[in-house]
Amino acid sequence: MTRNDIAETLFASFLLGLAVLLLLSSGVLAAEPFTSAYTHFDTAKCPHQPGNDEEDYGSWRCPGYRGLPMRLSAGDQRMFVSFGKPGAHDLAASETFTGFNSADHGTVEWRLAAGERQPFATILQWQVMTEADHQAEAKSPSPASGRVLVVTRLGKDGTCHVGYVDARANAGTANALARKIADEQARSFRCGKDKPVVLGAVSSGLSLPGKAR
């Protein structure tokens, strides 16, 4: 091998190493710190426990992810959704929206840290009525036009809503915003102490219980 051959080989190796470094710095080859798993549910197919009065629609227990069940209940045209076993810090079981709403079927996105088997948060879309929907409801039955992604923290230290994203006002970026809330805030969120956040734009007439950021 001549000196020119050696020089060309060294230069090619240098370029290859530089390309790898650039790819790593851009995140192309870097391991993703978070990942998602998905499950589907429909309360029409889940065991139902009837309520005790007219405005108590009862509760449902639907399959979730890796043994973590979904627990849903409803009353007064509003729903409540929580995950896992009920506990002292299970605030999600009592969190909902001021507007009439539903979340009786759909897809749950479970967020997991790399290498972990148990999820630390979920993302679920709810249908929520806006002020205009409620005004129309006074005249005739009106469907909910609002679509809200709800981020819920999971874990023995608390299960509760961490944040909300208006899916229609942030079309195209809503899922990314919801994952941002989950990945950056869910694990350190203190249920009962920290206030849920709202990321992105919010449609006129849609009331969300979190603080805007």
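The following conversation goes through the salt bridges, helix 3, a sheet and the disulfides of a predicted model.

Student: Before we start, what kind of model is this, and how are residues numbered?
Tutor: It is a predicted model, in which local features need pLDDT of at least 70 and side-chain atom pairs count only at pLDDT 80 or more, while totals for chains, interfaces and linings use all residues. Residues are numbered from 1 along each chain as its sequence is written, and side-chain values use heavy atoms, with hydrogens and water left out.

Student: How many helices and strands are there?
Tutor: The chain has 3 helices and 12 strands. Both are DSSP runs numbered from the N terminus: helices are H or I with at least four residues, strands are E with at least two.

Student: And what share of the residues is buried?
Tutor: Of the 213 residues in the chain, 41% are buried. Buried means under 20% relative accessible area, exposed means over 50%, and partly exposed lies in between, with a 1.4 Å probe and protein chains only.

Student: Let us turn to charges. How many salt bridges does the structure hold?
Tutor: There are 7 salt bridges, each being a side-chain nitrogen of Lys or Arg within 4 Å of a carboxyl oxygen of Asp or Glu.

Student: Which residue does Arg-71 pair with?
Tutor: Arg-71 forms a salt bridge with Asp-90, with 2.6 Å between the closest N and O atoms. Arg-71 lies in strand 4 (residues 68-75) and Asp-90 in the loop between strand 5 (78-83) and strand 6 (101-102), so the bridge ties together parts 19 residues apart in sequence.

Student: Are those two buried or exposed?
Tutor: Arg-71 and Asp-90 are buried.

Student: Which residues are linked in a network of salt bridges?
Tutor: The network links Glu-109, Arg-111, Arg-179 and Asp-183. Within it, Arg-179 and Glu-109 meet at 2.7 Å, N to O. This pair links distant parts of the chain, since Arg-179 is in helix 3 (residues 174-186) and Glu-109 in strand 7 (residues 105-113), 70 residues apart. Asp-183 and Arg-111 also form a salt bridge, at 2.6 Å from N to O. Here Asp-183 lies in helix 3 and Arg-111 in strand 7, so parts 72 residues apart in sequence are tied together.

Student: How accessible are the residues of that network?
Tutor: Arg-179 is partly exposed, at 26% relative accessible area. Glu-109 is buried at 6%, as is Arg-111 at 8%, and Asp-183 counts as buried at 14%.

Student: What else is buried in helix 3, and what covers it?
Tutor: The buried residues of helix 3 include Ala-174, Leu-177, Ala-178, Ile-181 and Ala-182. Their cover includes strand 1 (34-42), strand 7, strand 8 (121-128), strand 9 (146-153), strand 10 (160-166) and strand 11 (197-199).

Student: Changing topic, in what order do the strands of the open sheet run?
Tutor: The order is 2-3-4-5, with antiparallel pairing among these 4 strands. Strand 2 (48-49) and strand 5 are the edges, each with a single partner strand, so one side of each has no neighbour in the sheet. Two strands pair if DSSP finds at least two bridges between them.

Student: How many bridges join strand 3 and strand 4?
Tutor: Strand 3 (residues 56-65) pairs with strand 4 over 7 bridges, in the antiparallel sense. One bridge has Ser-59 partnered with Ser-73 of strand 4.

Student: Finally, how many disulfides are there?
Tutor: The count is 2 disulfides, a disulfide being a pair of cysteine sulfur atoms within 2.5 Å. Cys-46 is joined to Cys-62, S to S 2.1 Å. Cys-46 lies in the loop between strand 1 and strand 2, and Cys-62 in strand 3, so the link ties parts 16 residues apart in sequence. Cys-46 and Cys-62 are buried.

Student: Which cysteine is joined to Cys-160?
Tutor: Cys-160 is joined to Cys-191, with S to S 2.0 Å. Cys-160 lies in strand 10 and Cys-191 in the loop between helix 3 and strand 11, so parts 31 residues apart in sequence are tied together. Cys-160 is buried at 1% relative accessibility, and Cys-191 is buried at 15%.

Student: What is the handedness of each link?
Tutor: The torsion about the S-S bond of Cys-46 and Cys-62 is about 120°, so that disulfide is right-handed. The link of Cys-160 and Cys-191, with -80° about the S-S bond, is left-handed.

Conventions
Contact = heavy atoms within 4.5 Å.
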